[in-house]
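Biologist: Could you put the model up on screen and walk me through it? I'd like to go through the sheet, the core and the side-chain pairs.

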Amino acid sequence: MRILVLGSTGFLGGHVAGQLRTLTGVRVLGGGRSVDPGLPVNLPVDLAAISVAGLARSLRALAPDAVVNCAGAVSGDPVRMAETNARGPAVLCEALREAAPAVRLVHFGSAAEYGPTPAGQTLTENSPVSPQGSYGATKLAGSYAVTEAGRTGLDSVVLRVFNPVGPGAPATSLSGRLADELRRALPDGTVRVGDLSAYRDFVDVRDVARAAVLAATSPGALPPVLNIGSGTATRARELAQEMARAAGFRGPIEERGAGSQRSSAVSWQRAGITAAADALDWRPELTLADSLSALWAEHTRVPA
């Protein structure tokens, strides 16, 4: 089985590709924008720029049996995010329709597509969507492109991922940023962050990757959208405290000013994950402590 992982050198894509490589009979094909010679890709591609015809030619040449699309932009100007998060999946769906209509497409959506949620509510795949800001809006547009293609014959599923944490977490994420700040402040300096009062559903990136592997390799049709989260809402402040424990940090963590714009607009999120359990026999296996310990262990191997 040949599985193409787009965004294979990124945070999510790297874990997906790594888990797929452990499977007997699976050949992983990497795809993405990376030009790092240490991270070779079989398909150098920028979904924000390539044409449908050009991508279709590449897909015919690679002949994948499944495609996992982990490519996306979490920040940057609205035009770039729209090109990557909205145009990219639409181009991919059209190219697959043209070149490989029987291929299973697994696309990573985002919990940011849901937008504000009343405190205490569990989000299901049928919950209303009302994204706040360019990121959530462009991710929702990309997910719509995939689900619409699914309604017209493409074998596709959107994995709507909540807040992934764990080894490899980028500095743009809360956990990655905290790990960087803690390394600089050890053993008992001061870490200054924004407001940490928001509740989020943190899920280990390795559990997310396992869900993608199951979705790419499972026989039979899948629902159009599946939530991938822990099923638990955790205050961001608790994540920071757990990260400090993992690091052995004894100093204060000061919350100064507002948090991120998205956190101030969306104060609560918790995923309902029953559908993923039913469709994929998937449930999260790793705790938040597992995730943050693995992230911190990774940081201690990198010189400050």
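Modeller: What follows is a short tour of the sheet, the core, the cysteines and the charged pairs. This is a predicted model, in which local features need pLDDT of at least 70 and side-chain atom pairs count only at pLDDT 80 or more, while totals for chains, interfaces and linings use all residues. Residues are numbered from 1 along each chain as its sequence is written, and side-chain values use heavy atoms, with hydrogens and water left out.

Biologist: Sheet to begin with, then: in what order do the seven strands come, and is the pairing parallel or antiparallel?

Modeller: The seven strands make an open sheet in the order β3-β2-β1-β4-β5-β6-β11, and their pairing is parallel. Strands here are DSSP runs of E with at least two residues, helices are runs of H or I with at least four residues, and both are numbered from the N terminus; two strands pair if DSSP finds at least two bridges between them.

Biologist: Which are the edge strands?

Modeller: Those are β3 (43-44) and β11 (225-228), each of which pairs on one side only.

Biologist: And how many bridges join β4 to β5?

Modeller: Four bridges join β4 (residues 66-69) to β5 (residues 104-110), and the two strands run parallel. Within that pairing, Val68 has Val106 of β5 as its bridge partner.

Biologist: How many residues of β5 are buried?

Modeller: Seven of its seven residues are buried, where buried means under 20% relative accessible area, exposed means over 50%, and partly exposed lies in between, using a 1.4 Å probe and protein chains only. In a regular strand the side chains alternate between the two faces of the sheet. For β5 both faces are covered, with Arg104, Val106, Phe108 and Ser110 buried on one side and Leu105, His107 and Gly109 buried on the other.

Biologist: Moving on to the core, which residues have the most contacts inside the largest one?

Modeller: Val16, Phe108 and Leu159 have the most contacts inside the largest nonpolar core, which has 58 residues. By nonpolar core I mean a set of buried Ala, Val, Leu, Ile, Met, Phe, Trp, Tyr and Cys residues joined through side-chain atoms within 4.5 Å. Helix α6 gives the most to this core, with eight residues. Apart from it lies another core of 25 residues, among them Leu47, Leu92, Cys93 and Val225.

Biologist: What does Val16 touch?

Modeller: Not counting residues up to four places away in sequence, Val16 touches Val5, Val68, Cys70, Phe108, Ala209, Ala212 and Val213, with contact meaning heavy atoms within 4.5 Å.

Biologist: You mentioned Cys70 and Cys93; how many disulfides does the structure hold?

Modeller: It holds zero disulfides, a disulfide being a pair of cysteine sulfur atoms within 2.5 Å. The sulfur of Cys70 lies 14 Å from its closest cysteine sulfur, in Cys93, which is too far for a bond. Both side chains are buried, Cys70 at 13% relative accessibility and Cys93 at 2%.

Biologist: Back to helix α6, then: is Asp207 buried or exposed?

Modeller: Asp207, in helix α6 (residues 205-217), is buried, with a relative accessible area of 1%. Its side chain makes a polar contact with the side chain of Arg210 at 2.9 Å; such a contact is a pair of N or O atoms within 3.5 Å, where within protein one must be able to donate a hydrogen and the other to accept it, and residues adjacent in sequence count only if both atoms are side-chain atoms. Leaving aside neighbours within four places in sequence, Asp207 is in contact with Trp282, Pro284, Glu285 and Leu286.

Biologist: And how many salt bridges are there?

Modeller: The count comes to 15 salt bridges, taking a side-chain nitrogen of Lys or Arg within 4 Å of a carboxyl oxygen of Asp or Glu. One of them joins Arg97 to Glu94, with the closest N and O atoms 2.9 Å apart. Because these two are three residues apart in helix α3 (residues 78-99), about one helical turn separates Arg97 and Glu94.

Biologist: How about the side chains of Asp281 and Arg283?

Modeller: They meet in a salt bridge, at 3.2 Å from N to O, with Asp281 exposed at 57% relative accessibility and Arg283 partly exposed at 47%. Salt bridges also link Arg192, Glu254 and Arg256 in a network.
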